[in-house]
Amino acid sequence: GEIKTLPSGATALDFAFEIHSAIGMRCIGAKVNNRLVPLSYELQSGDQIEILTSKQQTPQTEWLSHVTTARAKQKLNLLFKNEQKTIKAQGESMLRKALTEAGLIIKKDISNDVIKRMLQHFDIQNYEESYRDWETKKRLSDRGIHVFRSEEHTSELQSLMRISYAV
């Protein structure tokens with residue numbers, strides 16, 4: 001084996017990221033001194049570590065509480081930030097598609113202000129987090145579109161749209 005130097009308080013997960021970020025991202029557990037331990041296990045000087053990985057494993061947000069090294073935190077934070085951007089884009093795309101299919105959006109672009117106001121209409125507090133929740137997506141695409149199809153709400157949405165496109 002190879003000797004790796006880690007700061008005091010480093011965990012088995014920190015060690016996995018120290019070897020390579022791809023190993024850290026696929027880590028499912030560790031053996032320390034031939035004993036199975038959780039990812040949060042704090043390593044001691046002289047420990048012999050074997051990292052267990054799986055192709056099906058994906059990083060979990062709780063892992064941020066299991067790592068102490070800057071390298072591991074940076075890799076995880078970057079991954080989660082990129083995932084959030086992707087989820088937000090997918091959620092916005094679903095909403096735009098549902099509104100377009102309902103005939104409520106003529107132009108391709110709809111401002112974030114309109115989307116925020118629509119989320120407020122449905123009592124959804126956090127704009128970005130709402131896209132992570134499948135139920136929110138379903139509520140917006142199913143119930144939301146049906147509600148906005150009624151004359152009262154269609155005019156409200158069209159009003160929102162006009163405000164959005166005003167120069």
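**Exercise 1. Where does S8 lie relative to helix 1?**

Solution. S8 sits in the segment before helix 1. Helices are DSSP runs of H or I with at least four residues, strands are runs of E with at least two, and both are numbered from the N terminus. This is a predicted model, where local features need pLDDT of at least 70, side-chain atom pairs count only at pLDDT 80 or more, and totals for chains, interfaces and linings use all residues. Residues are numbered from 1 along each chain as its sequence is written, and side-chain values use heavy atoms, with hydrogens and water left out.

Next, take the accessibility of S8. Its relative accessible area is 78%, so S8 counts as exposed. The cut-offs are under 20% for buried and over 50% for exposed, with partly exposed in between (1.4 Å probe, protein chains only). Last, check its spacing to L43. The two residues are 35 apart in sequence, and their C-alpha atoms are 8.1 Å apart.

**Exercise 2. Set out the overall layout of the protein.**

Solution. Start with the elements. There are 7 helices and 3 strands. Along the sequence they run α-α-β-β-β-α-α-α-α-α.

Then take burial. Of the 167 residues, 36% are buried. The exposed surface is about 10700 Å², and carbon and sulfur atoms supply 48% of it. Areas come from the Shrake-Rupley method with a 1.4 Å probe; for residues, only the protein chains shown count as cover.

Finish with contacts, meaning heavy atoms within 4.5 Å. Among contacts between residues at least 6 apart in sequence, 57% join residues at least 24 apart.

**Exercise 3. Identify the residues of the largest nonpolar core that touch the most other members.**

Solution. Define the set. A nonpolar core is a set of buried Ala, Val, Leu, Ile, Met, Phe, Trp, Tyr and Cys residues joined through side-chain atoms within 4.5 Å. The largest one has 18 residues, and L13, F17, C27, I51 and L76 touch the most other members. Helix 1 (12–19), strand 1 (27–32) and helix 3 (70–101) each supply at least two core residues. Helix 1 gives the largest share, 5 residues.

Now inspect helix 1 itself. It is mostly covered, with 6 of its 8 residues buried. These are A12, L13, D14, F15, A16 and F17.

Then list the partners of I51. Leaving out residues up to four places away in sequence, I51 touches A12, F15, A16, I19, I23, C27, G29 and A30.

**Exercise 4. Is M25 buried or exposed?**

Solution. Locate M25 in helix 2 (residues 21–25). Its relative accessible area is 15%, so M25 is buried. Its contacts, again without residues up to four places away, are F17, Q57, T58, P59, W63, K75, L76 and L79. One of these partners, Q57, is 32 residues from M25 along the chain, yet their C-alpha atoms are separated by 7.4 Å.

**Exercise 5. Find non-glycine residues with positive phi in the loop between strand 1 and strand 2.**

Solution. Take N33. It is in the loop between strand 1 and strand 2 (35–37). Its phi is positive, about 55°, although N33 is not a glycine. N33 is partly exposed at 42% relative accessible area.

Take N34. It is found in the loop between strand 1 and strand 2. Its phi is near 65°, again positive in a residue other than glycine. N34 counts as exposed, at 71% relative accessibility.

**Exercise 6. Which residues are the closest to the centre of the largest pocket?**

Solution. Of the 18 lining residues, the closest to the centre are K4, Q44, G46, D47 and I49. The volume of this pocket is about 470 Å³. By class, the lining has 7 nonpolar, 8 polar and 3 charged residues.

Apply the definitions. On a 1 Å grid over the protein atoms alone, a pocket is an open set of points where a 1.4 Å probe fits, with protein on both sides within 12 Å along at least five of seven lines; lining residues have an atom within 4 Å of a point. Points are joined across faces, edges and corners, and the volume is the space filled by probe spheres set on them. Ala, Val, Leu, Ile, Met, Phe, Trp, Tyr, Cys and Pro count as nonpolar, Asp, Glu, Lys and Arg as charged, and the others, Gly among them, as polar.
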